[in-house]
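Here is a short report on three parts of one protein model. Read it with the structure open.

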Amino acid sequence: MQLIPVIVRTALLIIALCLTAPIAGAEVSIDGIKGKARDNVRLMLSLEKEDCDAPEWKIRGLYAQADQEIDQGLRALGYYHAVIKKTLAFGKTCWQADFDINQGPRVHIKDVSITIDGAAHDDAEFQKLRDKLLEITGSPLDQGQYEKMKSRIESLALERGYLQGTFTEKKLLIDKQLNQAHIKLVFTSGNRMVFGRIVVNQDILNPDFVEKYISIKSGEFYTSEQLAKTHNNLSKSGYFDIVDIRPDTENIDQQVPVTITLQPKKKHHYAFGVGFDTDIGPMVSAAYDNRWLNRRGHFLTSELSLSPVLSTASIEYNVPLHNPVSDSFSFGGGLKREDTDSFNTLSAKLSGRLKHALDSGWKQTLFLDLDYEDFTIGSTRTKTLLLVPGGSWLKSVSNNPLRPTRGYRAKFDVSGSYKNPLSDVSFLQGGMSALWIHPLPWNSKFIGRTELGATLVDQFDKLPTSYRFYAGGINSIRGYDYKELGPKDSEGNVVGGKFLTVLSLEYEKAVFDDWGVAAFIDSGNAYNPGNIILKTGAGLGIRWYSPFGPVRLDFAVPLNDANSSFQIHFAAGARL
């Protein structure tokens with residue numbers, strides 16, 4: 001009785017394969033040429049687009065015009081003396097066309113003349129571009145490059161504000177007997193335009209505050225780069241949902257008026273989420289943002305995250321400074337509860353932060369934290385108050401925010417405290433973490449990750465667990481439980497270490513459009529001087545490149561003593 005379902009499934013599979021099987025394609029053979037010339041000819045040949053079921057009269061018609069199409073494709077690359085031999089044959093089920101092409105000698109560019117008239121004649125950027133374009137002299141002719149030459153001149157004119165610029169002469173002359181090409185371009189730029197009156201339409205913030213995000217100034221030379229920068233600044237400000245910038249380039253005057261219309265985001269933003277992380281278990285989260293508390297652009301952010309292992313709550317009041325694009329100050333507070341197999345802790349923090357984005361791409365944060373922590377390791381309970389100044393520097397670069405194949409992330413931290421009425425412990429701590437992604441052949445990539453840390457402290461037993469180093473978990477050493485690794489006390493409790501070293505090597509390969517597999521090895525530990533015991537884990541993983549970011553599922557085994565012989569790690573979100 002079970003044979004019938006098997007037969008039905010087999011039949012359905014055969015039908016599906018038949019329905020999805022592509023129509024048989026005819027063969028068009030091209031010999032005698034290769035590389036770009038071959039690609040260009042295939043692109044021009046109309047026969048390439050026809051299948052076996054095309055009517056014979058149509059195929060013969062396209063075959064007749066193939067000489068012209070091949071000649072057109074080769075002329076674009078400077079081959080004006082091609083000799084073509086061809087045959088066409090019809091079989092019972094399909095047809096076949098064969099082309100044997102001798103492309104002949106190639107035309108080379110004998111000389112290039114580029115003249116810039118008008119106000120752009122003395123523009124240093126135009127002089128630089130002209131010198132660059134003249135380097136094409138002596139090279140083989142490629143009409144695509146000739147078109148790009150004209151486009152680059154026109155693009156620079158629009159970028160630099162020569163909005164009325166035009167070519168008064170553009171010639172590509174071919175001497176087929178000498179196989180030489182002569183290029184002559186004359187571009188008349190007209191006057192360089194300046195920004196005229198700038199009108200900003202919005203009603204939620206003070207005009208002088210919004211003006212700080214606008215990099216275009218009335219009376220300055222018109223540039224598309226400054227328009228793009230202004231759009232980027234306003235879009236990233238967090239206040240506006242729609243940014244519409246309209247320069248009136250049709251204005252016959254030398255000035256270009258600009259109208260900026262800004263549509264605000266909703267003032268109050270709420271977010272709720274549920275998730276799962278193998279390090280901290282199931283979790284629920286909530287967030288509330290007040291995107292502008294007043295017309296000076298102050299805003300409030302708050303977050304709440306609850307899980308069996310790690311729960312946090314924070315609120316932050318943010319004040320944009322003189323240059324709100326790069327500088328802000330914030331103050332706020334937070335609560336954290338963490339309950340691991342190694343320790344449990346409850347902490348409260350008040351903090352002030354001065355944030356600055358450097359032109360090099362680094363993000364700097366200088367902070368001052370007042371941190372109270374009540375923590376228990378084994379049977380020992382300790383309460384510590386710390387006043388901790390410090391700083392962090394972060395830079396992240398990637399070629400794709402959701403699915404990067406090339407990029408890196410680097411972060412440096414330094415903090416410390418000196419024993420005083422507001423600090424129970426003196427310590428100095430530094431740390432560095434980095435992740436590097438590099439593309440490899442066969443649609444794969446290498447991912448390298450490292451984390452280093454060091455602490456100088458006078459009374460380690462009073463140092464809160466938040467300032468100690470632990471290892472283990474999906475973002476540390478896989479194959480081991482979350483914060484399982486580190487020095488232990490006489491009772492076998494993991495107390496954390498003064499130093500941390502973690503190194504991870506991973507190979508990831510995409511196997512389908514949205515799926516991939518990975519193999520990895522992680523090694524390192526948290527330790528104290530003179531007692532370094534490296535722990536290593538290795539395994540395989542599955543990757544889902546989802547619309548909201550990568551999802552990672554890793555199966556890892558510890559290669560040294562561990563609390564368990566196998567770990568499954570799950571996490572979601574971008575790594576850069």
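A polar contact is a pair of N or O atoms within 3.5 Å; within protein, one must be able to donate a hydrogen and the other to accept it. The model discussed here is predicted.

**A buried glutamate**

Glu508 sits in strand 21, residues 499-510. Is Glu508 buried or exposed? Its relative accessibility is 5%, so Glu508 counts as buried; the cut-off for buried is under 20%. Two side-chain polar contacts of Glu508 are listed in the table.

| Side chain | Partner side chain | Polar contact |
|---|---|---|
| Glu508 | Arg543 | 3.5 Å |
| Glu508 | Tyr545 | 2.8 Å |

Leave aside residues up to four places away in sequence, and Glu508 touches Ser444, Lys445, Ile447, Val517, Ala518, Arg543 and Tyr545. Arg543 and Tyr545 thus appear both as touching residues and as polar partners.

**A three-stranded sheet**

Next comes an open sheet. Its three strands have the order 1-3-2, and the pairing is mixed. Strand 1 (27-31) and strand 2 (83-90) are at the edges. Each has a single partner strand, so one side of each has no neighbour in the sheet. Neighbouring strands are turned by 10° against each other on average, direction ignored.

Strand 1 and strand 3 (residues 95-102) run parallel, joined by five bridges. Asp31 stands opposite Asp100 of strand 3.

Two helices meet this sheet. Helix 4 (residues 66-75) packs on the sheet and touches strand 2 and strand 3. The direction of helix 4 makes about 45° with that of strand 3. Helix 3 (residues 56-64) lies across strand 2 and strand 3. Helix 3 runs at about 175° to strand 2.

**Helix 8 and its two sides**

Helix 8 covers residues 224-236, 13 residues in total. Does the length fit, and what span should one expect? At 1.5 Å a residue, helix 8 should span 18 Å; its end C-alpha atoms are 18 Å apart, which agrees.

Which residues of helix 8 are buried? They are Leu227, Thr230, Asn233 and Leu234. Seen down the axis, the buried residues fall within an arc of 125°, so they line one face of helix 8. On the other side, Glu225 and Lys236 are exposed.

The buried residues of helix 8 pack against strand 7 (194-201), helix 7 (207-210), strand 8 (240-247) and strand 9 (255-264). Just after helix 8 comes Gly238, with a positive phi of about 95°.

Notes:
Residues are numbered from 1 along each chain as its sequence is written. This is a predicted model: local features need pLDDT of at least 70, side-chain atom pairs count only at pLDDT 80 or more; totals for chains, interfaces and linings use all residues. Side-chain values use heavy atoms; hydrogens and water are left out. Two strands pair if DSSP finds at least two bridges between them. Helices (H or I, at least four residues) and strands (E, at least two) are DSSP runs, numbered from the N terminus. Axes are lines fitted to C-alpha atoms, for helices over the stretch in contact, and angles run from 0 to 180 degrees between N-to-C directions. Contact means heavy atoms within 4.5 Å. Buried means under 20% relative accessible area, exposed over 50%, partly exposed in between (1.4 Å probe, protein chains only). The expected span of a helix is 1.5 Å times one less than its number of residues. The arc is that of the directions from the helix axis to the C-beta atoms.
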